[in-house]
Amino acid sequence: MAFKIAIIGRPNVGKSTLFNRLVGKKIALVDDTPGVTRDRRVHAAKLYDLVFDVIDTAGFEDAGAATLQGRMRAQTEIAIKEADLIFFMVDAKAGLTPDDRTFVEIVRRSGKPVVLVANKSEARGAQGGALEAWELGIGEPVQISAEHGLGMPDLRDAVVEALGKDVVFADDEDETGDIAESDVLIGEDIADPDAEEAPAYDETKPLRIAVVGRPNAGKSTLINALIGEERLLTGPEAGITRDSISVDWDWQGRSIKMFDTAGMRRKAKVQEKLEKLSVQDGLRAIRFAEIVIIVLDATIPFEKQDLQIADLIIREGRAPVIAFNKWDLIDKPQETLAELREKTERLLPQARGLQAVPMSAETGRGLEKLMDAVMKTHRVWNSRVSTGKLNRWLEGILAHHPPPAVAGRRLKIKYITQAKTRPPGFVLSCSRPDVMPQSYVRYLVNNLRDAFNMPGVPIRMALRASDNPFAGRAKKKK
């Protein structure tokens, strides 16, 4: 089993930059603003021949336990307990601060092995800051540049010396987790994660679920309630989550990877660069997910932004499930539920039959029904119908309601076949597909959904012209 390294330090010393360097992908948000990272993030990493898990943490800040900064600090202290080794990072360019001297005592009291990392050592004047770091009394500072990949060999040697060869080389097998050897070359350019594609369907792989919604809808609280621990930072403040944090979990024997995302506000309201990065990270999580749980505040549901988020998920081909959260605050649950389900059908007709579940992340009510809805939707999203059944269905449809005539000529439909799943995609062979009315295509999709029990998922219908075997041949002369 791989050992764990936690990256600890005050805000803005470059912890997330080093995390991305070790992981080999730009998955943690990085910005010059102090305190970007809030939740702790764990990912498989590699440093030359060393394979381990690395934990990115929020910057240590001196604050009361009830404040947001105090809750962030509690998450960092959990990371220290989980880790086998601690990278205590300081800013060599800025030199030591009183916070560095305060927080090193917390690390020292943990009793864990520590490697002192002096980041930003490529900067002019950084040598003085690195020498000053000796005053912390936790050993020789390893001078690196996380942004440029400098000093990585020295960091690797420091890890081996701190933990010993028996620990770092306990598993010689290639167990790199999410990373192949070619994914991370220290000092090389980091691969663009947007270039990847969603994984092929495999029941042995974890089911990927993204949890999205407006700020303060209860997304992080929902994930904490499902996994049964305070894994993600929560509170009354809106917009706490910034990064898309993945959490591994097991539900009734099925391996699941859940992604918490930042709250998505209307585009016009998103002005700050950091919030734009958070929203982009959330959109990336949607593209890589299989199921997307849309968390709506049941007290103020179906605002314009909720509908835009749902429409985006459907256009991306993901399978949506709606969670009406904060159901414990509803006074007339039966009336409200009937009203919300009617609105769901009316406002989201492009995924008719969408699963919508009332629940409360605060009390735990409705969580089982929510996961049942997720599994049901996932099965539909992966469903396949044989060509024989499809064409028998099509024959009945054409007899009952044939396509209309366009410009005096009747449109002919020859056959239909399913080309893909995830989501279900069909190819309809017909004459003049460019003039087929969209209303008739919608009629076919809705009937297809009802006939083969495919509620609540996007269905793709591609129109193809049938091949003409005589196309291109010269007419015979009389």
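These legends go with a set of close-up views of one predicted model.

**View 1. The whole chain, before zooming in, has 13 helices and 17 strands.** Of its 478 residues, 52% count as buried. About 23300 Å² of the chain is exposed, and carbon and sulfur atoms supply 48% of that area. Take the contacts between residues at least 6 apart in sequence: 71% of them join residues at least 24 apart.

**View 2. Strand S7 (207-213) is wrapped up on both of its faces.** Seven of its seven residues are buried, so S7 is largely enclosed by the rest of the structure. Leu 207, Ile 209, Val 211 and Gly 213 point one way from the strand. Arg 208, Ala 210 and Val 212 point the other way, and these are buried too. S7 has a parallel partner in S9, with five bridges between the two. To find your place in that pair, look for Leu 207, which stands opposite Ile 256 in S9. S7 is also joined to S10 by five bridges, and here too the strands run parallel. For this pair the marker is Gly 213, opposite Val 295 in S10.

**View 3. Strand S11 (residues 319-325) sits alongside S10 and is mostly covered.** Seven of the seven residues of S11 are buried. On one side you'll find Ala 319, Val 321, Ala 323 and Asn 325, while Pro 320, Ile 322 and Phe 324 point the other way. S10 and S11 pair in the parallel sense over seven bridges. Val 295 turns up again in this view, now standing opposite Ala 323 in S11.

**View 4. Helix H7 is mostly covered, with seven of its nine residues buried.** The buried set is Lys 219, Ser 220, Leu 222, Ile 223, Asn 224, Leu 226 and Ile 227. What do the buried residues of H7 pack against? Strands S7 (207-213), S8 (245-251), S9 (254-260) and S10 (291-297) are there, and so is helix H11. Just after the helix comes Gly 228, with a positive phi near 80°.

**View 5. Helices H7 (residues 219-227) and H11 (residues 367-381) cross at roughly 95°.** Their axes come within 11 Å. That crossing angle makes H7 roughly perpendicular to H11. From H7, the residues at the meeting point are Leu 222, Ala 225 and Leu 226. On the H11 side they meet Leu 367, Leu 370 and Met 371. The contact is made of six nonpolar residues, with no polar and no charged ones.

**View 6. Strands S15, S16 and S17 form an open sheet of three strands with mixed pairing.** The order is S15-S16-S17. S15 and S17 stand at the edges with a single partner strand each, so one side of each is left without a neighbour in the sheet. From one strand to the next, the twist averages 25°. S16 and S17 run parallel and are joined by six bridges. In that pair, Ser 429 stands opposite Arg 464 in S17. Helix H12 (residues 387-400) lies across S15 and S16, and runs at about 140° to S15.

**View 7. A cis peptide bond joins Arg 422 and Pro 423.** Omega for this bond is about 0°. Most peptide bonds are trans, so a cis one is worth a look. Where does Pro 423 lie? Look in the loop between strand S15 (413-420) and strand S16 (425-430).

**View 8. Tyr 48 has a positive phi, near 55°, in a residue other than glycine.** Tyr 48 is found in the loop between strand S2 (41-47) and strand S3 (50-56). With a relative accessible area of 40%, Tyr 48 is partly exposed.

**View 9. Asn 453 also has a phi near 55°, a positive value in a residue other than glycine.** This one is in the loop between helix H13 (438-451) and strand S17 (460-465). Is Asn 453 buried or exposed? Asn 453 is exposed, with a relative accessible area of 57%.

Terms used: Residues numbered from 1 in each chain as written. Predicted model: local features only at pLDDT ≥ 70, side-chain atom pairs only at ≥ 80, totals over all residues. Heavy atoms only, no water. Helix = DSSP H or I, 4+ residues; strand = E, 2+ residues; numbered from the N terminus. Buried < 20%, exposed > 50% of the residue type's maximum accessible area, 1.4 Å probe, protein only. Contact = heavy atoms within 4.5 Å. Areas by Shrake-Rupley, 256 points an atom, 1.4 Å probe, with all protein chains shown as cover. Axes fitted to C-alpha atoms, helices over the stretch in contact; angles between N-to-C directions. Parallel < 35°, antiparallel > 145°, perpendicular 65-115°, else oblique. Nonpolar A, V, L, I, M, F, W, Y, C, P; charged D, E, K, R; others polar. Pairing = 2+ DSSP bridges.
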